[in-house]
Amino acid sequence: MTATLEQRLDAFRRLDDAKLTFARRDWFPGTSGNLSIKIQNDPLQFAVTASGKDKTKLSPEDYLVVDQDSRPVDETTLKPSAETLIHAVVYKSFPKAGACFHVHTVWNNLISELYFGQRAFSIQGQELIKGLGIWEENARITVPIVENFADIPTLATEIEKVITPEVPGVLIRNHGIYTWGGNDFEAKRHLEAFEFLFEYHARWLQLRQAVVSTTTTN
Ligand SMILES: CSCCC(=O)C(=O)COP(=O)(O)O
Ligand SMILES: [Zn+2]
């Protein structure tokens, strides 16, 4: 069965909301980023941003619906995001995922490079970890980091190997983050929590370095 017009329009409207919210935060520099919302599981169909668009704007040609092979379901001149395969990997790995968001920010890029040697970024004891749906006392999270392969099927395969149901995100080295959730509300909350944790940690390292320099030079 294919997605109904009503289901498509609902997904497109939700994508508009998420896109404009993230655009106001400058989370789509240089047309980067892509967003998707799942419409159905069996067979998999999801609405995804068209490739190369200015994601700070709305137009009637912003989204299209693709299938489990990342191919457009309808006849269209629009090209799905170049990274659609990654969205498909997320939906296939986690059938409960209902939305998947990808942004490039300075903070997620800095963290991905700083911790690439360990192939993971860990952080503990931060209240915003609860924003990822993890409520245990003094929780520690580990976000996997993969190399930024130019070949998207290779990148998608690497992502498939490291993503886990415990932590809803993966960093791509000097590229950005993919995060997901049961629906668009949850995926947005996860993205905001991740970005807070990355920025906090990077700023904390800077501040600590500044304090160490001041105390050793005085
Ligand atoms: C100019 S950003 C390079 C491609 C990228 O990483 C991205 O997120 C946007 O690609 P899309 O095809 O989804 O526009
Ligand atoms: Zn990207």
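Tutor: A residue is near a molecule or strand if one of its heavy atoms lies within 4 Å of it. Around ligand 1 there are 14 residues, and Ser51, Gly52, Lys55, Ser81 and Glu83 come nearest.

Student: What should I know about the model first?

Tutor: The model is predicted: local features need pLDDT of at least 70, side-chain atom pairs count only at pLDDT 80 or more, and totals for chains, interfaces and linings use all residues. Residues are numbered from 1 along each chain as its sequence is written, chains are lettered from A and ligands numbered from 1 in the order written, and side-chain values use heavy atoms, without hydrogens and water.

Student: What makes the pairing of histidine 104 with ligand 1 a polar contact?

Tutor: A polar contact is a pair of N or O atoms within 3.5 Å; within protein, one must be able to donate a hydrogen and the other to accept it, and residues adjacent in sequence count only if both atoms are side-chain atoms. A polar side-chain atom of histidine 104 lies 3.1 Å from an oxygen atom of ligand 1, so the pair is within the limit. An oxygen atom of the ligand is also 2.9 Å from a polar backbone atom of glycine 33. For asparagine 34, a side-chain N or O atom is 2.9 Å from a ligand oxygen.

Student: How much of ligand 1 does the protein cover?

Tutor: The protein covers 75% of the 400 Å² of accessible area that the ligand has on its own (Shrake-Rupley method, 1.4 Å probe).

Student: What kinds of residue form the shell?

Tutor: One is nonpolar, eleven are polar and two are charged. Asp, Glu, Lys and Arg count as charged; Ala, Val, Leu, Ile, Met, Phe, Trp, Tyr, Cys and Pro as nonpolar; the others, Gly among them, as polar.

Student: Which residues does UniProt annotate as "binding site"?

Tutor: The unreviewed UniProt entry gives His102 and His104. Such annotations may be inferred rather than shown by experiment.

Student: Why is histidine 102 called buried?

Tutor: Buried means under 20% relative accessible area, exposed over 50%, partly exposed in between (1.4 Å probe, protein chains only). Histidine 102 has 0%, so the label fits. Histidine 102 is found in strand β4, residues 99-103. Strands (E, at least two residues) and helices (H or I, at least four) are DSSP runs.

Student: How do you know that the two histidines meet?

Tutor: Their side chains make a polar contact at 3.0 Å. Histidine 104 lies in the loop between β4 and α3 (106-114). Beyond four places in sequence, histidine 104 is in contact (heavy atoms within 4.5 Å) with residues including Trp27, Gly33 and His175. With the same sequence exclusion, partners of histidine 102 include Gly33, Asn34 and Glu83.

Student: What makes threonine 179 buried?

Tutor: Its relative accessible area is 0%, so threonine 179 counts as buried. Threonine 179 lies in strand β8. Its side chain reaches the backbone oxygen of proline 168 at 2.6 Å.

Student: Why does glycine 181 get the label buried?

Tutor: Glycine 181 has a relative accessible area of 5%, so it qualifies. Glycine 181 lies in β8, residues 176-181. Its contacts more than four places away include Lys96, Gly98 and His190.

Student: Why is helix α2 described as mostly covered?

Tutor: Seven of its ten residues are buried. Among them are Ile86, Val89 and Tyr91.
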